[in-house]
Amino acid sequence: MKLPVYLDNHSTTRVDEKVVEEMLPWFSENFGNPSSKTHPYGWAADEAVKNARRKTAEALNADPSEIIFTGSTTEANNIVIQGLAAAYGTSKNHIITVSTEHPSVLDTVKALGRRGFEVTILEVDKTGMVSTDELSSAIKENTLLVTVMAANNEIGTIAPIKEISEICHSRNVLFHTDAAQAIGKMEFDVKELGPDFVSISGHKNHGPKGIGALYIKKRKPQLRLSPIIFGGGQEKDLRPGTLNVPLIAGLGKALEISSGGLQEKIDGMKFLRDFLYNSLTKELTGIHLNGHPVSRLPNNLNISIEGVSADLLMLECRDLAFSTGSACASDDPSHNYVLRACHTDEILFNKTIRIGLSRFTTREEIDFAAARITEAVKKIRTV
Ligand SMILES: *Cc1c(COP(=O)(O)O)cnc(C)c1O
């Protein structure tokens with residue numbers, strides 16, 4: 001067992017060895033530019049990108065022509081939100097989102113608000129769930145886009161994506177979902193769920209950092225996104241710049257692996273997550289589960305522990321790597337806007353830890369984590 005035990009998989013994940021293997025040749029022997037049409041170096045690179053695009057599409061049950069590669073999920077979110085605003089903003093200038101979104105969505109929408117867009121930020125309930133009735137009521141004549149994350153990166157709450165798609169489509173509104181945390185942790189079939197745009201990530205799913213993808217639903221007439229970056233026309237003009245072939249190949253491989261036997265992977269993570277939670281609540285009092293009890297990611301455990309500062313707990317558990325909140329959020333726990341949005345008792349903000357398992361997490365690691373946390377909490381509570 002490698003120490004510290006890595007339990008921070010919402011922040012990033014270990015790159016699968018098979019993904020590394022898949023990437024390596026595209027750095028060295030096969031270093032071509034997929035836009036080079038005149039020689040085998042370019043052709044081979046282009047073939048690799050095509051392969052990865054097919055695997056990415058397969059993971060979502062999409063068509064390869066519906067996928068563009070981006071530099072991150074952050075970038076995918078910006079390309080779709082800013083791109084739609086620029087293309088349609090003069091006729092439709094209202095965007096709806098939710099208070100617990102990732103900053104790459106929330107701050108992009110807020111920036112549009114400062115440029116004159118009308119913005120509605122929906123509240124969530126104590127479990128981090130958005131109300132579809134409230135969402136439906138918020139839609140107006142000039143609503144362009146609804147953007148709601150598939151699964152929350154802090155508390156793991158899974159939104160009713162299919163229902164939201166149906167509401168949006170019945171009202172002629174576009175729907176985007178940030179699925180960075182969802183891919184590899186739940187079934188994600190775009191035909192079944194129905195969103196118009198989906199952002200996904202490499203590094204949250206055992207692929208490399210610095211790569212993401214955006215699914216853009218094919219329809220007639222095709223939706224227009226105005227580019228927010230200008231250049232050589234790659235990725236349908238939406239993400240120009242020479243394609244990063246190794247990372248793209250890695251993303252495709254990561255998705256191919258995570259899609260295979262997905263239910264088994266989900267069950268494995270969920271079993272260990274529940275085992276950890278049950279071990280802690282059996283030994284300790286005053287543990288509050290944050291997020292939704294059922295509609296949540298199988299790998300997420302977010303708890304507040306009465307009377308135990310998360311910083312102290314972390315010091316006592318140096319051989320565990322977990323988080324006291326999102327790596328993207330401020331260091332100041334009072335700024336934990338996701339907990340605040342869920343009306344979590346403020347006294348618990350700095351007593352909250354986020355544990356994220358992966359398909360590589362073992363029973364041995366979870367036994368170890370349960371024992372270490374229990375011991376540390378007991379020690380902190382007695383001094
Ligand atoms: C990590 C994360 C992002 C950002 O992904 P990057 O690829 O690091 O830009 C966006 N949304 C959610 C929900 C995330 O968890």
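**Strand S6 and its partners**

I began with strand S6, residues 174-178, and found five of its five residues buried, where buried means under 20% relative accessible area, exposed over 50% and partly exposed in between, with a 1.4 Å probe and protein chains only. The model is a predicted one, in which local features need pLDDT of at least 70 and side-chain atom pairs count only at pLDDT 80 or more, while totals for chains, interfaces and linings use all residues. I noted also that residues are numbered from 1 along each chain as its sequence is written, and that side-chain values use heavy atoms, with hydrogens and water left out.

I then looked at the two faces of S6: Leu174, His176 and Asp178 lie on one side, Phe175 and Thr177 on the other, and all are buried. Strands here are DSSP runs of E with at least two residues, helices are runs of H or I with at least four, and both are numbered from the N terminus; two strands pair if DSSP finds at least two bridges between them.

On following the pairing, I found that strand S5 (residues 143-147) runs parallel to S6 and is joined to it by three bridges, with leucine 145 opposite leucine 174. S6 also pairs with S7 in the parallel sense, over three bridges, and there histidine 176 faces phenylalanine 197.

Strand S7 (residues 197-201) has five of its five residues buried, so it is largely enclosed by the rest of the structure. Its pairing with strand S8 (residues 212-216) is antiparallel, over five bridges, and isoleucine 200 stands opposite alanine 213 in S8.

**The ligand**

Which residues surround the ligand? I listed Ser72, Thr73, Thr74, His102, Ser104, Met149, Asn153, Asp178, Ala180, Gln181, His203 and Lys204, a residue being near a molecule if one of its heavy atoms lies within 4 Å of it.

I then looked up polar contacts, which are pairs of N or O atoms within 3.5 Å; within protein, one must be able to donate a hydrogen and the other to accept it, and residues adjacent in sequence count only if both atoms are side-chain atoms. An oxygen atom of the ligand lies 2.7 Å from an N or O atom in the side chain of glutamine 181, and for the side chain of histidine 203 the distance from a ligand oxygen to an N or O atom is 2.9 Å. A polar backbone atom of threonine 73 is 3.0 Å from an oxygen atom of the ligand.

**Helix H3 and isoleucine 228**

Helix H3 covers residues 73-88, and at its start a side-chain oxygen of serine 72 comes to within 3.4 Å of the backbone nitrogen of threonine 74. The 16 residues of H3 reach 22 Å from first C-alpha to last, close to the 22 Å expected, the expected span being 1.5 Å times one less than the number of residues. I noted that 13 of the 16 residues of H3 are buried, so the helix is largely enclosed by the rest of the structure.

Finally I looked up isoleucine 228, which sits in the loop between S8 and helix H8 (245-259). Isoleucine 228 counts as partly exposed, at 31% relative accessibility. Leaving aside neighbours within four places in sequence, isoleucine 228 is in contact with Asn78, Ile79, Gln82 and Gly83, where contact means heavy atoms within 4.5 Å. Its C-alpha is 10.0 Å from that of isoleucine 81, although the two residues are 147 residues apart along the chain.
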